[in-house]
Amino acid sequence: MKIVVIGGTGLIGSKLVSKLREHGHEAVAASPNSGVNTLTGEGLAEVMKGASVVVDVSNSPSWEDAAVLNFFETSTRNLLTYEAAAGVKHHVALSVVGTDRLSESGYFRAKIAQEKLIKASTIPHSIVRATQFFEFLKGLADISLVGDKVHLPPVLFQPMAADDVATGVGRIAVGLPVNGTVEIGGPEQFRVDELVRRRLAALKDLREVIADPNARYSGAKLSERTLVPGDDARLGETRFETWLTQPAAQIPSGPQPKAVAVENKEKESQRKAS
Ligand SMILES: NC(=O)c1ccc[n+]([C@@H]2O[C@H](COP(=O)([O-])OP(=O)(O)OC[C@H]3O[C@@H](n4cnc5c(N)ncnc54)[C@H](OP(=O)(O)O)[C@@H]3O)[C@@H](O)[C@H]2O)c1
């Protein structure tokens, strides 16, 4: 089966492409680096020729409110239009557990818009909502900095290894469209502040993590279970302590998106001024 993976060079995309190929599928990694740009439409008609499934695991390079909304709306519209023309039978997209509960966040308003376009389209679809990735824990610290301290709310979450995300998305991609949403999550629950503290300690990152009930996640206020998946979620196998011993855990995740860094600097200067 020909499966096009949009964002196939990213964290999840590259793992997904390998797994699909191991299972004998013709998986094509599509991203601007390979001449496929979902914002402009460049390369989409070509890459979708003969494809049965398109999996969208792309992400916006900027998380600034307007930019991220434009990314997910324009990309998704373009993908669905080109898929319809190419006769693609299944559109799979990776979203985030709790997206509908996070509309205070510009990033999540963009994910809500992405999901809405998919649900309204005529292409059979599956939306896979995953919990936070273990690989994102350092990035979560980076976007939660106030001054030199990391402020995070001590609420529950159930993060998972990127490898298990790719496995979960892969299983859905080769199955029949669910025409709805499937949740995937990790095997254990933690408090957000506690696990980020453990992750930074493992990286010998000296930043202090403060349990701050008023701290926001990507701009949204969280309650105890906002980030926790429902009882029907399919759970990955990798436990956090096991993941920490794997090569993937030795690499700190990439730089934070520029817009968030700027926003945090602004928050800090407002804090100092008040
Ligand atoms: N972080 C989390 O904890 C979490 C949890 C649940 C779900 N998710 C979702 O998971 C998805 C993937 O995240 P990720 O961390 O794997 O992303 P990532 O590593 O940042 O990769 C992003 C991918 O998108 C591609 N891309 C960027 N602009 C593009 C464009 N105009 N056209 C086509 N492709 C483009 C990039 O291509 P280049 O390499 O060429 O730039 C790259 O392959 C996101 O949608 C996110 O919402 C994240």
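Me: In this predicted model, what makes the pair formed by Lys111 and the ligand a polar contact?
Reply: A polar side-chain atom of Lys111 is 2.8 Å from an oxygen atom of the ligand. A polar contact requires N or O atoms within 3.5 Å, so the pair qualifies.

Me: Which backbone atoms satisfy that criterion with the ligand?
Reply: A backbone N or O atom of Gly10 lies 3.0 Å from a ligand oxygen atom, and a polar backbone atom of Leu11 is 2.8 Å from an oxygen atom of the ligand. Both values fall within 3.5 Å, so both pairs are polar contacts.

Me: How many residues surround the ligand, and which are the closest?
Reply: The ligand is surrounded by 27 residues, the closest being Thr9, Leu11, Ser58, Tyr107 and Lys111.

Me: Why is helix 3 called roughly parallel to helix 4?
Reply: Helix 3 (residues 65-86) packs against helix 4 (residues 106-120) at about 15°, and their axes are 8 Å apart. Angles under 35 degrees count as roughly parallel, and therefore this pair is given that name. The crossing is right-handed.

Me: What residues make up the contact of helix 3 with helix 4, by class?
Reply: The contact comprises nine nonpolar, three polar and five charged residues. Among them are Phe72 and Arg77 in helix 3, and Tyr107 and Lys111 in helix 4.

Me: Why are helix 1 and helix 6 called oblique to each other?
Reply: Helix 1 (residues 11-22) and helix 6 (residues 162-173) pack at about 55°, with axes 9 Å apart. That angle is neither under 35 degrees, nor from 65 to 115, nor over 145, and the pair is therefore oblique. Their crossing is right-handed.

Me: Which residues bring helix 1 and helix 6 into contact?
Reply: Leu11, Ile12, Lys15, Leu16, Lys19 and Leu20 in helix 1 meet residues of helix 6 including Asp163, Val165 and Thr167. By class, the contact has eight nonpolar, two polar and three charged residues.

Key:
Residues numbered from 1 in each chain as written. Predicted model: local features only at pLDDT ≥ 70, side-chain atom pairs only at ≥ 80, totals over all residues. Heavy atoms only, no water. Axes fitted to C-alpha atoms, helices over the stretch in contact; angles between N-to-C directions. Helix = DSSP H or I, 4+ residues; strand = E, 2+ residues; numbered from the N terminus. Left-handed = near helix turned anticlockwise from the far one by under 90°. Contact = heavy atoms within 4.5 Å. Nonpolar A, V, L, I, M, F, W, Y, C, P; charged D, E, K, R; others polar. Near = heavy atom within 4 Å. Polar contact = N/O pair within 3.5 Å; in protein donor to acceptor, adjacent residues only side chain to side chain.
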